Amino acid sequence: MAEKLTEIELAGIQLEESKPRTLAKDPSYNILQEDDIDTAVGVLHVAVQGDRSKPAILTYHDLGLNHMTCFQGFFNFADMQPLLRHFCVYHVNAPGQQEGAIPLTHSVEGDKGQGTGYPTMDQLGEMILPVLQYYGLKRVIGFGVGAGANILCRFALQHPEKCDALFLVNCTATAAGWTEWGYQKLNSWYLKMGVITATTEEYLLWHWFGKEAKERNTDLVHVFKDNIKQINPHNMASFIDAYVQRTDLGISRELDLTKKKDAKTLKCNVMLVGSAGSPHLDDVVAMNSRLDPSNSNVLNISDCSGMVLEEQPAKVAEAFRLFLQGMGHVPSLSQTKIVAERDAARRNSTPFDSPARKPGMEATATVC
């Protein structure tokens, strides 16, 4: 016998106005200061978020992005707020990649040995040391994505005593293959002329999201596609060229205890993060196979493209918290406390009240 359907009344509807996705600077990002720091091979633009008396987290962004477009959404995520109260975040922008940057005068084909060209990946890693010296930091926890993750690895290899840990998203330890090299050179040639072609857009979208980006992440893809035009194309070409000309990190997993001490590897704790839909998943797995298993872990997030910070911020935030707690930071901060604080913040927020639902609103129905 078929079940009888009982009519219900939507006794109360609470309407909330949803904010449109944007990568524009958000006042709630809580950037306290921004500095241009001179180094031997160029200038780095650094944005500081949080109390500088707290332990330092240093971020580095991916190709075609900067500290706002790469990290603003994730570090503004509700679950990250209780964690960030215990740290100060230093967001490093690669030379010329910050918003409003003027075209860099040097050419990437210049004599890098004399410092006249755009910095190499090794030099970009070395440029982080003056940042630590500028702010009086003894040690940092690195948080990098893509090209930025590779740069942080080079810094950790150059100055292991300065790096407490590395949290790396979509990181690769190898040099670029021939296909990547050829594709990148074509894109950078157009970018140096000040032209952002459809091919360049398609490459960056693939680099960020993977092959299924357009089908699975239409709104997010649209937002990031619009952002490409906000970065100086000449400067973007220089950064892309530096990345495609990267050398292998040269790290290896040494199981022989007698040789392990002298092996070239990352000495600090490392967490590698990849995703099932990322075009860099194989690189993450390959890099994990070259790290010491005693101080490294890998996390593969399912049902997600390469933009894990945007698509799965809750999972990444929890992984980052557990990673930090494994090193003795914020031991009393549990997921239960984070959820309770997030729910309390939502209850205290003022609901958007209107007699009719408008476009861009979400409704929560209470059934009686």
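This passage looks at confidence, one helix pair and the enclosed and open spaces of a predicted model.

A good place to begin is with how far the model can be trusted. Across the protein chain, the mean pLDDT is 82, and 77% of the residues reach 70 or more. Two stretches deserve a more careful eye. Over residues 107–116 the pLDDT stays under 50, and the model gives this stretch 19 contacts beyond four places in sequence. Residues 350–368 also have a pLDDT below 50, with 40 contacts in the model beyond near neighbours in sequence. Where pLDDT is low, predicted coordinates are not to be read in detail.

Next comes a pair of helices. Helix α4 covers residues 128–135 and helix α5 covers residues 147–158. Their axes come within 10 Å and cross at roughly 75°. Because angles of 65 to 115 degrees count as roughly perpendicular, α4 and α5 are described as roughly perpendicular to each other. On the α4 side, the contact is made by Ile-128, Leu-129 and Leu-132; α5 contributes Ile-151, Leu-152 and Phe-155. Sorted by character, the residues of this contact are six nonpolar, with no polar and no charged ones.

Attention now turns to empty space. Rolling a probe the size of a water molecule over the atoms shows where such space is left. The structure holds one cavity of 30 Å³ or more, and the largest cavity contains about 110 Å³ of space. Its lining consists of 16 residues. Nearest the centre of this cavity lie Val-145, Gly-306, Met-307, Val-308 and Leu-309. At least two lining residues come from each of α1 (67–75), α7 and α13 (308–311), and α13 gives the most, with three residues. The lining of the largest cavity divides into nine nonpolar, five polar and two charged residues.

The second largest pocket offers another view of empty space, with a volume of about 200 Å³. Here 16 residues form the lining, and those nearest the pocket's centre are Glu-180, Trp-206, Arg-246, His-280 and Asp-283. Two helices, α6 (178–192) and α7 (198–209), are the elements that give two or more residues to this lining. Helix α7 is therefore worth finding on the structure, since this helix supplies at least two residues to the lining of the largest cavity and two or more to that of the second largest pocket. The lining of the second largest pocket comprises seven nonpolar, six polar and three charged residues.

Conventions:
Residues are numbered from 1 along each chain as its sequence is written. This is a predicted model: local features need pLDDT of at least 70, side-chain atom pairs count only at pLDDT 80 or more; totals for chains, interfaces and linings use all residues. Side-chain values use heavy atoms; hydrogens and water are left out. pLDDT is the predictor's confidence in each residue, from 0 to 100. Contact means heavy atoms within 4.5 Å. Axes are lines fitted to C-alpha atoms, for helices over the stretch in contact, and angles run from 0 to 180 degrees between N-to-C directions. Helices (H or I, at least four residues) and strands (E, at least two) are DSSP runs, numbered from the N terminus. Angles under 35 degrees count as roughly parallel, over 145 as roughly antiparallel, 65 to 115 as roughly perpendicular and the rest as oblique. Ala, Val, Leu, Ile, Met, Phe, Trp, Tyr, Cys and Pro count as nonpolar, Asp, Glu, Lys and Arg as charged, and the others, Gly among them, as polar. On a 1 Å grid over the protein atoms alone, a cavity is a set of points where a 1.4 Å probe fits but cannot get out, and a pocket is an open set with protein on both sides within 12 Å along at least five of seven lines; lining residues have an atom within 4 Å of a point. Grid points are joined across faces, edges and corners, and a volume is the space filled by probe spheres set on the points.
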